[in-house]
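Got your viewer open? Let's take a walk through this one, one selection at a time.

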Amino acid sequence: MSGSPAGPVLVLLDHTADGMLRPAVLELLTLARGLAPDAVVEGAWVGGDPGPALGELGEQGLVSVHHLDVGVAEPHLTPVVAQALGALVTATGARLVLGVSSFENKEVAARLGVATGAGVVTDASGLELDDDGAAVADKTVFAGTWNTRCVVTAPVAVVLLKANAVQAEPASLVTSPAVVEHVVEIGELALRQTLVERTERAGSGRPELGAAQVVVVGGRGTNGDFGPVEALADLLGGAVGATRVATDEGWIAHDAQIGQTGVTVAPRLYIGAGVSGAVHHRGGMQSAGTIVAVNSDPEAPIFEIADLGIVGDLFVVLPQAIEELRRLRG
Amino acid sequence: MKIVVCVKHVPDIQSERTIGDDGRVVRDGGDGTLNELDENAIEAALVLAETHGGEVVVLTAGPADAVDAVRRGLQMGADEAVHVLDDALAGSDVFGTAAVLAAAIGLVEEEGPVDLVVTGMAALDGLTSMLPAALAAELGIAQLTLASAIDVVEGSDGTRVTVRRELDHATEVLSAMTPALVSVTDQANEPRYPNFKGIMAARKKAVTTFTLADLGIEPAAVGSSGSRTRVLSATARPARENRVLITDDGEAGRTLATYLVDNKLV
Ligand SMILES: Cc1cc2nc3c(=O)[nH]c(=O)nc-3n(C[C@H](O)[C@H](O)[C@H](O)COP(=O)(O)OP(=O)(O)OC[C@H]3O[C@@H](n4cnc5c(N)ncnc54)[C@H](O)[C@@H]3O)c2cc1C
């Protein structure tokens, strides 16, 4: 199952404003290298200077990084990114483009599809090439209750992968990537909307929610006191998440919301405290490796999917668990 | 202001949802409903029309029972409804759907220009969230997606729409002159329930039906034959095995700690 795609595999290199790679990109690069023995993986970097990331990209064995200079256009606007990436697909003859499955990249992929005729799979949890080099992606649907596998039949495939689909690993050979410069003329259509303001969220000091290996989540049952949830997350080196009720109440920022209209997580360990397990919430966490739930209501739907369910008061159970974990670890 | 709201009829999120042998979502009626997030889209359009004047047209493409989705829109207060109904639509991917909706909006425009197209942020039937951006690209209009707040200002040089949106790593404010497409999140508003008056009024409103021929779209360009992806397999996820449910007897916190250590989760 490893026919190679014609042309390079392009990986969209999501990065912060100061040129640092988003961690999930390393997973994509790892996956791309393993797609076929002779797969040629190249990076696509839109806006700014890729300089600060070249070291990390070299550890991923990347030989070249295409720097797409969009001039005065705003590189955060997804129509601009889509147009730049479309130009690169044409220039390189790439048949496969990979990106992290984020709100923004879904917009990029949609526009790339309209412009180039590419077929797109979003929220993929795995990817292989079939004997003909076509992309075959795994995806769960219906709030994580069904596994599907689909093949892209169009000549160009765009696949967006969820964080934690694979474990990032360095390449066996470290490279020093060459930066290939492209100046892309951005058309009027991509400039019909303007970015008035963009505020990047400051890091919380905790792992990024979408990519974390451990996620501890508080719901209405916390009654606004996220203390025990945060303490457990910090002890486990995890991220803190929330239900929509908790974010709507203003107990925690909206970007902590997990679920169908929030962040999708697939950590090794999910711990929900005072979370009922509504279908909207489950859609964002059901593919977690192990699910633990603490809820005072034995009928809570989250117990239907919990590997370990504890009927109890989170304000009793969580502090005791923290104390015991500290003791066990010495 | 003329506003078109694109809506979708989907299997009820609370129901048992399945995928058939043909790789398509089973839509055999009964459990179908208006996609929840499209209620936010209709609400946003109604509020804008109430504030700035204008009319709201609800539009859907889908099988016969999808008409329920636009009827619900009429009950909420929309003025007109359009249903693209054609057997050849079955199995369309997001790009086929976007092309069909764009062509239908083109026909609606024959009665006067459309200023805004509004959609929900995603259809909750496990698809892709890509429709809003794909439709904006098809229509060649500005894209103001994932709006949690919408502001419309009418000026002498035209109408400006500004939205606030929350992304994975940032909050943004986007702005554009109409015509524009806006997609809304569940944070944008609290959708109204149709009241008795609305339900009665909706009975008198007609639903216009278009076929692909009306839209000038070749059947082979959409549906399964036009789809750029094909489902190879679909299986219900097996239930998790060896699940344990305990009731706290004063020791559950310690049990939890031991469970995490024993299962090498810490
Ligand atoms: C269109 C739409 C989109 C939505 N998107 C999302 C989404 O993305 N994410 C999301 O989370 N929700 C979403 N929702 C909301 C969702 O339907 C639920 O309302 C929400 O997830 C419930 O949050 P909760 O579990 O915190 O609250 P509840 O359902 O009220 O549950 C609270 C739980 O806490 C338990 N509890 C109370 N006190 C304690 C205690 N001391 N110790 C232990 N347990 C306790 C209770 O038994 C209860 O089970 C969406 C809804 C709609 C309509």
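Start by selecting Arg220(A) and the ligand: a polar side-chain atom of Arg220(A) sits 2.5 Å from a ligand oxygen atom. That's a polar contact, meaning a pair of N or O atoms within 3.5 Å; inside protein, one must be able to donate a hydrogen and the other to accept it, and residues adjacent in sequence count only if both atoms are side-chain atoms. Next, add Thr243(A), where an N or O atom of the side chain is 2.6 Å from an oxygen atom of the ligand. Then click Asp313(A): here a side-chain N or O atom lies 3.0 Å from a nitrogen atom of the ligand.

Now show the ligand's surface. On its own the ligand has 990 Å² of accessible area (Shrake-Rupley method, 1.4 Å probe), and the protein covers 80% of that.

A quick note before moving on: this is a predicted model, where local features need pLDDT of at least 70, side-chain atom pairs count only at pLDDT 80 or more, and totals for chains, interfaces and linings use all residues. Residues are numbered from 1 along each chain as its sequence is written, chains are lettered from A and ligands numbered from 1 in the order in which they are written, and side-chain values use heavy atoms, with hydrogens and water left out.

Widen the selection to residues with a heavy atom within 4 Å of the ligand. There are 29 around the ligand, and Gln257(A), Ser276(A) and Asn295(A) are among those that come nearest. Colour by chain, too: residues from both A and B surround the ligand, so the site is shared between chains.

Which domains does chain A have? The assignment, automatic or from a database, gives domain 1 (9-191) and domain 2 (209-328). Their C-alpha centres lie 31 Å apart. Where they touch (contact means heavy atoms within 4.5 Å), domain 1 of chain A brings seven residues and domain 2 of chain A brings 15. Pick out Ala143(A), Lys162(A) and Asn164(A): in domain 1 they lose the most area to domain 2, together 57% of what that side buries.

Last stop, the two chains together. Here 79 residues of chain B are in contact with 88 residues of chain A. The chains bury about 7300 Å² between them, counted as the accessible area (1.4 Å probe) that two parts lose on being put together, summed over both. Finish by selecting His169(B), Arg237(B) and Arg240(B), which lose the most area to chain A within chain B, together 11% of what that side buries.
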